[in-house]
Every structure is written in structure tokens, then in C-alpha cells.
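This report describes the surroundings of a ligand in a protein. Where does the ligand sit, and what lies around it?

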Amino acid sequence: MSADLPGEVQEYDLFIDGEFRQSNGDDRIEVDFPYDGSIWASVPNGTATDVDDAVQAARHAFDHDDWRNTQPSGRRTVLNQIADVIDEYSTELAELETLQNGKLLREMEPQMNVMGDWFRYYGRLCEDVGEGRTIPVENKDGQMFNYVRKEPYGVVGAITPWNSPLLLTTWKLAPALAAGNTFVHKPSEETPVSALRFAELVNEHTDLPDGVYNVVPGEGQTGAALAEHDGLDKVAFTGSTAVGREVAKTAGENLTKVSLELGGKSPNVLFEDADLDNAVNGVMKGIFAATGQTCMAGSRVLVHEDIHDEFVDRLTERAGEIKLGDPRDPETEMGPVAFRGQWEKVKEYVDKGLEEGAQLGFGGEMPDSTPGECFIQPTVLVDVDNGMTVAQEEIFGPVASVIPFSTEEEAIELANDVDYGLAAAIWTQNMGRANRFVESVRAGTVWVNEYRVVAPNSPFGGYKDSGLGRECGREGLEEYYQTKSVWYDHAGEVGDPFSLDVE
Ligand code: NAD
């Protein structure tokens with residue numbers, strides 16, 4: 001496969017129990033290249049029966065195969081094999097990602113080049129976190145001992161979005177496998193091909209047992225069938241806050257452990273002492289990279305009044321210079337949004353912002369020079385009030401809402417005055433101020449003088465409506481373990497049966 005579109009439509013099936021299988025239903029999903037709308041692949045729209053088959057395979061693999069009882073060093077070996085597969089096939093995987101969602105190849109290639117690091121990191125970490133601990137309990141005058149075992153949950157159902165399809169799957173798959181779980185993945189209907197190809201590569205080139213990793217593509221109803229399946233022990237969801245709430249409700253009814261990585265409306269805050277060249281670059285990185293389609297987008301740009309006008313001039317000038325085009329071209333800086341429905345959503349938000357009183361600094365339109373129906377100009381909205389829809393709701397497109405402030409207190413208040421709490425950034429030379437901001441802002445990730453940086457060993461996740469739980473880092477592995485407390489008595493005698501031994 002090259003970055004050229006395949007000559008014929010590529011047909012994929014479900015991936016269950018180590019093989020491709022046909023769906024129980026006839027409905028299929030066509031996958032197109034959002035740059036020009038060409039259809040190049042098709043996958044089954046998984047049914048509830050398909051989901052059940054995958055969960056049964058994962059359950060059987062958990063209950064009867066050796067994966068969960070494989071020693072951590074053995075799991076590490078397999079995770080390292082997966083990392084090696086990613087390294088070997090990174091070009092192909094990057095191209096598949098770009099053809100599905102139109103993200104720049106020059107972003108997807110480096111993303112694939114580092115993705116294996118997550119598998120290597122969790123392969124190492126499970127040898128450490130998985131070892132449990134011994135507790136010096138004082139019950140029965142110390143004639144007991146207690147230890148903590150870390151055990152996998154069992155079958156994990158993972159549901160993922162379209163914006164960084166394989167990386168966001170990795171944030172679940174790598175720790176889930178490291179802890180000894182088995183896995184059923186429902187990728188986004190917009191980006192199912194890379195998920196199926198990746199599962200095929202892992203199956204062909206590693207010692208991961210059949211049934212441990214299964215993929216059922218499909219639309220929302222496939223995700224709902226997975227989330228509500230009573231054979232799951234944990235649901236791991238990344239997507240919008242609205243769907244995350246539905247998944248959490250279902251998980252609540254089944255009392256299934258759930259983790260949620262949801263939307264954001266993150267403040268990128270520029271003080272008057274910021275290095276303005278650097279800060280403008282950071283704002284561009286936060287909202288125009290990936291065509292603004294990132295959960296951590298710095299979509300609310302809070303700017304001190306002393307530098308506001310100069311900043312707006314510079315940002316609008318830079319926005320106007322962004323080169324839109326084919327996401328496979330290394331010169332392109334912004335590709336299309338991922339599908340027409342997303343384009344309409346972005347456009348409606350821009351129009352609503354203008355109706356509510358924001359001014360157009362730059363953009364807001366379909367550019368003349370691009371093919372297809374999914375391009376929108378990088379857009380700068382100015383004179384935005386924090387109460388406006390464009391300051392409160394996630395747009396998930398290249399739209400910066402610029403909001404002025406005059407004091408540090410006001411900046412912190414505005415930064416927190418939103419339902420989301422995924423990320424935030426501050427641009428200042430004053431480290432005392434930076435630290436006050438870090439301590440006050442209600443967000444799961446804060447950058448000081450940077451934006452949009454992640455790493456395998458740094459936890460990521462949301463406060464407030466941006467999610468529950470964490471991915472990446474040590475915390476990301478803990479999400480996939482049950483904790484068992486084990487008591488041994490060596491006193492040789494059971495005490496008074498009618499009183500509780502508490503010491
Ligand atoms: P989405 O919520 O529409 O869909 C996400 C996934 O859920 C898809 O696979 C979809 O098919 C499935 N789904 C839809 N309805 C469902 C239902 N009723 N039950 C179960 N599954 C269902 O989100 P999207 O448009 O694919 O992705 C964009 C969203 O994802 C944005 O809000 C973005 O902020 C968020 N996101 C969050 C993170 C994070 O780490 N916090 C990362 C990336 C994207």
C-alpha cells in the first residue's frame with residue numbers, strides 16, 4: 001500500500017479470535033479519503049451478534065488461555081514484539097491513517113514512529129506495578145500478614161474516535177495487555193481500516209494468543225452493543241462527552257468499571273510578559289495543527305489586554321499564510337476536516353459565533369483552491385465573550401476564539417469558567433505566576449510555555465466533563481488492574497467469632 005489510493009475498493013472483515021471473519025449482517029461502511037471524497041475501502045457495520053462473538057472469544061481467551069497467567073516478563077516480550085511491528089510497518093500505518101481521516105502524513109509518520117514506545121513502556125512497567133506489595137498489618141498482634149495482588153480485570157471493551165485512531169487505541173491496548181486483560185475494540189466508523197490492519201499485523205508477527213485482541217468495526221450502535229455487553233469487565237471509551245455520558249450510564253447499570261477520555265475546550269493563556277513569537281507559535285500548534293481536530297485543542301485563547309491587538313494581528317497574519325492542501329504533500333500545513341458532517345458542524349459554530357457578536361479576524365469559509373467538500377480556512381474569532389457558544393462548546397475544528405483579560409485573577413477565573421477540564425497552557429516569563437496558574441486551573445494537563453506535548457510515561461485525562469480516569473503513565477496501567485487483598489493467619493487460632501478482628 002502506498003499513499004496513493006488503492007485502485008480498487010479494499011474489502012475488510014471482522015477480526016475475531018485470530019482470524020478475519022464475515023459479519024452476521026450485510027450492512028457495510030464505505031471509507032473515503034476526505035481530501036477528495038474517493039471511496040477506497042469498505043468494512044462490515046458490526047452487529048450485536050458480531051460483538052457477542054468477539055466478547056465470547058475474548059472471554060474464552062481470558063478464562064482458558066495463558067495470557068493472564070503469563071509472567072510479566074513474558075508479556076513484556078510480546079509487547080516489545082508489537083512495538084517492533086509498529087516500527088517495521090510505520091509507513092503503511094501512517095498512510096492508512098491519512099487516507100481515512102485526512103490528517104497530515106507529516107504528522108502521522110512521526111506519530112507512528114513513537115507509538116511503539118507506549119508498548120515498550122507498559123511492557124517494562126507491568127513488571128513493577130504488577131508486583132503488588134506486602135502490608136505490615138497489626139491484627140492479632142502481628143500474627144497475620146497481608147499482601148496486595150494486582151490482577152487483570154478480564155475482558156476490556158474499547159471504543160475509540162477518528163482523530164488519532166491508532167495512537168488512542170494504543171493508549172488502551174498497551175496497558176490492557178500489559179496487565180493481562182483481553183480486548184475487544186470498536187474503532188470509529190470513519191477510521192476502521194488501520195485498526196483491522198494493525199490487528200492483522202499483530203496476529204501475524206507476534207506471539208499474542210488468538211482471541212486476546214479482537215476488532216469489530218461499526219457505527220454507534222456497534223459501540224452501544226459493546227458498551228452494554230454483560231460479558232465485559234471494563235469499558236474504556238474515548239470520544240465526545242455526550243456519547244461518554246451514555247456509555248457511563250450503561251456501565252453504571254451493569255456495574256462495569258469505566259474510564260472516559262472526553263472532549264475539551266482548553267484555555268491557552270497569554271500574559272503580557274510572554275515571548276510573543278513563541279506564544280503565537282504555541283497558539284497555532286494548539287488550534288491549527290491537525291486542523292483543530294484534537295481533544296486537547298487550545299480553542300479558547302485568553303490574551304492580556306496589553307498585547308491583545310498585536311497578538312491578533314500576528315495570529316491572523318499567520319493564519320492567512322497556512323498552506324492548505326493534500327495531506328500527503330509534505331508542504332501542506334492543514335488538511336481537510338475528516339468528513340462532511342464535521343465540516344458542517346464547524347461551519348455552524350463559526351456562523352453562530354458571528355451571530356452572537358464575535359468578529360471574524362480571519363477565515364470561516366471554504367477555500368476556493370481545494371477539492372472535495374471538507375476544507376475550511378483556519379479561523380480566528382475575536383471580541384469573543386466567554387459566555388458565547390464558541391467559548392463554551394467544543395468545535396473540534398480549526399477555530400480559535402480570542403478572549404481578552406486584564407488581570408491574573410480574571411485569567412484564572414475565565415480559564416476555569418467552562419464545563420470541560422482536559423488541558424490548559426500559560427505563556428509567561430514569570431514562574432511564580434505560572435505556578436499559581438498550574439495550581440488553580442482545573443485541568444488534567446497543564447503546559448507552561450508549550451502546547452500539545454504528550455509522552456508514554458506522563459498521565460493524560462480530564463477534570464470535570466472531560467473524563468474519568470487517566471491514560472498513559474503509571475495511572476494508565478492502574479486502570480487495567482483489579483486489586484485483591486490477601487490475608488494469611490499464622491497465629492493458629494480463630495478468635496471470638498462475634499467480634500471483628502480490627503487490630
Ligand atoms: P463520538 O463520541 O461521536 O464517537 C466516539 C466513538 O463512540 C466512535 O467509535 C462511535 O462509533 C462510538 N459511539 C457513538 N455512539 C455510541 C453509543 N451510543 N454507544 C457507544 N459507542 C458509541 O466522538 P468522535 O466524533 O468520534 O470523536 C471526537 C470526540 O472525541 C471529541 O469530543 C474529542 O474531544 C474526543 N476525544 C477525546 C480524547 C481524549 O483523550 N480526551 C482524544 C480524542 C478525541
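Domain bounds come from an automatic or database domain assignment. On that basis, domain 1 (10-21 + 47-262 + 466-485) and domain 2 (267-448) each give at least three residues to the shell around the ligand. The model is predicted, so local features need pLDDT of at least 70 and side-chain atom pairs pLDDT 80 or more, while totals for chains, interfaces and linings use all residues. Residues are numbered from 1 along each chain as its sequence is written, and side-chain values use heavy atoms, without hydrogens and water.

There are 28 residues around the ligand, and T160, K186, E189, S240 and E394 come nearest; a residue is near if one of its heavy atoms lies within 4 Å. The shell holds 14 nonpolar, nine polar and five charged residues. Here Ala, Val, Leu, Ile, Met, Phe, Trp, Tyr, Cys and Pro are nonpolar, Asp, Glu, Lys and Arg charged, and the others, Gly among them, polar.

The table gives polar contacts of the ligand, meaning pairs of N or O atoms within 3.5 Å.

| Ligand atom | Protein partner | Distance |
|---|---|---|
| oxygen | E394, side-chain N or O atom | 2.6 Å |
| nitrogen | L262, polar backbone atom | 2.8 Å |
| oxygen | G239, polar backbone atom | 3.4 Å |

The protein covers 87% of the 850 Å² of accessible area that the ligand has on its own, by the Shrake-Rupley method with a 1.4 Å probe.

Technical notes:
A polar contact is a pair of N or O atoms within 3.5 Å; within protein, one must be able to donate a hydrogen and the other to accept it, and residues adjacent in sequence count only if both atoms are side-chain atoms.
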